[in-house]
Amino acid sequence: MQVETERDCKKYSKVFEIIFDSLKHKYSFLNETINLFKFKFLREFNIKNKYYIIIVFIPLNVLKKFRKAQLYFIEEFERKFLNTSISFVGLRTIIPLKYQMSANKKTYKKSFTNVAEEFVKDAIFPAVIVGKRIFFYANNETIYKIFIKDCSNCINSIKSNLISESLYNLFSIDLDIEIIKETNLFLP
């Protein structure tokens, strides 16, 4: 695992500017969305010295507006940088359970479980989650299996493995992502 430095953030911000400029020239309807983009920080993970994944953390309000241009940006970025994937996730706060209980609030949006689940939803965008399974084993091992449907063919098995590895490095959650072709697999 390789953690970014400030130099890497500056390097990627220049790369982002170049890609955004090319997108502005290709797709004029994305100009307003692209001008709103800003990121707080990023993490770069080197998996098996062959593949890289870059997780870009951006504020939630910017992420919701950036969704319109995100697919175009991902395609352009992954075309220019082979063996490198990029995912955009919202920057969220995790509040420990004891502080949630002391405040006597019934919302759990900032719990560890909910933040990790939202991280997965953001990381696999534009694919959608169609099923989840959690397996508990006798040796206190827990494996999460998520079934996703990718209509835009943006996520392949390599990228799903990279997302799983990055999630394990960030949250220590063992996750297995499986891409399915049909959504009616779960119906009797």
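**Exercise 1. Is Phe136 buried or exposed?**

*Solution.* Keep in mind that you're looking at a predicted model.
- Step 1: find the residue. Phe136 sits in strand E4.
- Step 2: take its relative accessible area, which is 63%.
- Step 3: compare with the cut-off. Exposed means over 50%, so Phe136 is exposed, at 63%.

**Exercise 2. Find out which residues form a nonpolar patch on the surface with Phe136.**

*Solution.*
- Step 1: start from Phe136, the exposed residue you've just looked at.
- Step 2: add its partners. Ile134 and Tyr144 make up the patch together with Phe136.
- Step 3: look at the area. Taken together, Ile134, Phe136 and Tyr144 have about 320 Å² of accessible area.

**Exercise 3. Describe the largest pocket and work out which element gives the largest share of its lining.**

*Solution.* A bit of background helps here: rolling a probe the size of a water molecule over the atoms shows where empty space is left.
- Step 1: get the volume. The largest pocket comes to about 270 Å³.
- Step 2: look at the lining. There are 15 residues around this pocket, and Thr113, Ala116, Glu117, Tyr144 and Ile173 lie nearest its centre. You've met Tyr144 already, as part of the nonpolar patch.
- Step 3: see where the lining comes from. Helix H5 (112-123), strand E4 (128-136) and strand E5 (142-149) each supply at least two residues. The largest share is that of H5, with five residues.
- Step 4: sort the lining by type. You get ten nonpolar residues, one polar and four charged.

**Exercise 4. Do the same job for the second largest pocket: how much space lies in it, and what lines it?**

*Solution.*
- Step 1: the space in the second largest pocket is about 220 Å³.
- Step 2: its lining has 14 residues, and those closest to the centre are Ile47, Lys48, Asn161, Leu162 and Glu165.
- Step 3: helix H6 (157-171) and strand E6 (174-179) each supply at least two of the lining residues. H6 gives the most, with six.
- Step 4: by type, this lining splits into eight nonpolar, two polar and four charged residues.

**Exercise 5. Place Leu82 in the structure and decide whether it is buried or exposed.**

*Solution.*
- Step 1: look in the loop between helix H3 (60-80) and strand E3 (84-90); that's where Leu82 is.
- Step 2: its relative accessible area is 67%, so Leu82 counts as exposed.
- Step 3: check its distance to Tyr52. Leu82 and Tyr52 are 30 residues apart in sequence, and their C-alpha atoms are 9.2 Å apart in space.

Note on methods
Residues are numbered from 1 along each chain as its sequence is written. This is a predicted model: local features need pLDDT of at least 70, side-chain atom pairs count only at pLDDT 80 or more; totals for chains, interfaces and linings use all residues. Side-chain values use heavy atoms; hydrogens and water are left out. On a 1 Å grid over the protein atoms alone, a cavity is a set of points where a 1.4 Å probe fits but cannot get out, and a pocket is an open set with protein on both sides within 12 Å along at least five of seven lines; lining residues have an atom within 4 Å of a point. Grid points are joined across faces, edges and corners, and a volume is the space filled by probe spheres set on the points. Helices (H or I, at least four residues) and strands (E, at least two) are DSSP runs, numbered from the N terminus. Ala, Val, Leu, Ile, Met, Phe, Trp, Tyr, Cys and Pro count as nonpolar, Asp, Glu, Lys and Arg as charged, and the others, Gly among them, as polar. Patches are made of residues with over 30% relative accessible area and no salt bridge: like charges are joined within 9 Å, nonpolar side chains (Val, Leu, Ile, Met, Phe, Trp, Tyr) within 5 Å. Accessible areas come from the Shrake-Rupley method with a 1.4 Å probe; for residues, only the protein chains shown count as cover. A salt bridge is a side-chain nitrogen of Lys or Arg within 4 Å of a carboxyl oxygen of Asp or Glu. Buried means under 20% relative accessible area, exposed over 50%, partly exposed in between (1.4 Å probe, protein chains only).
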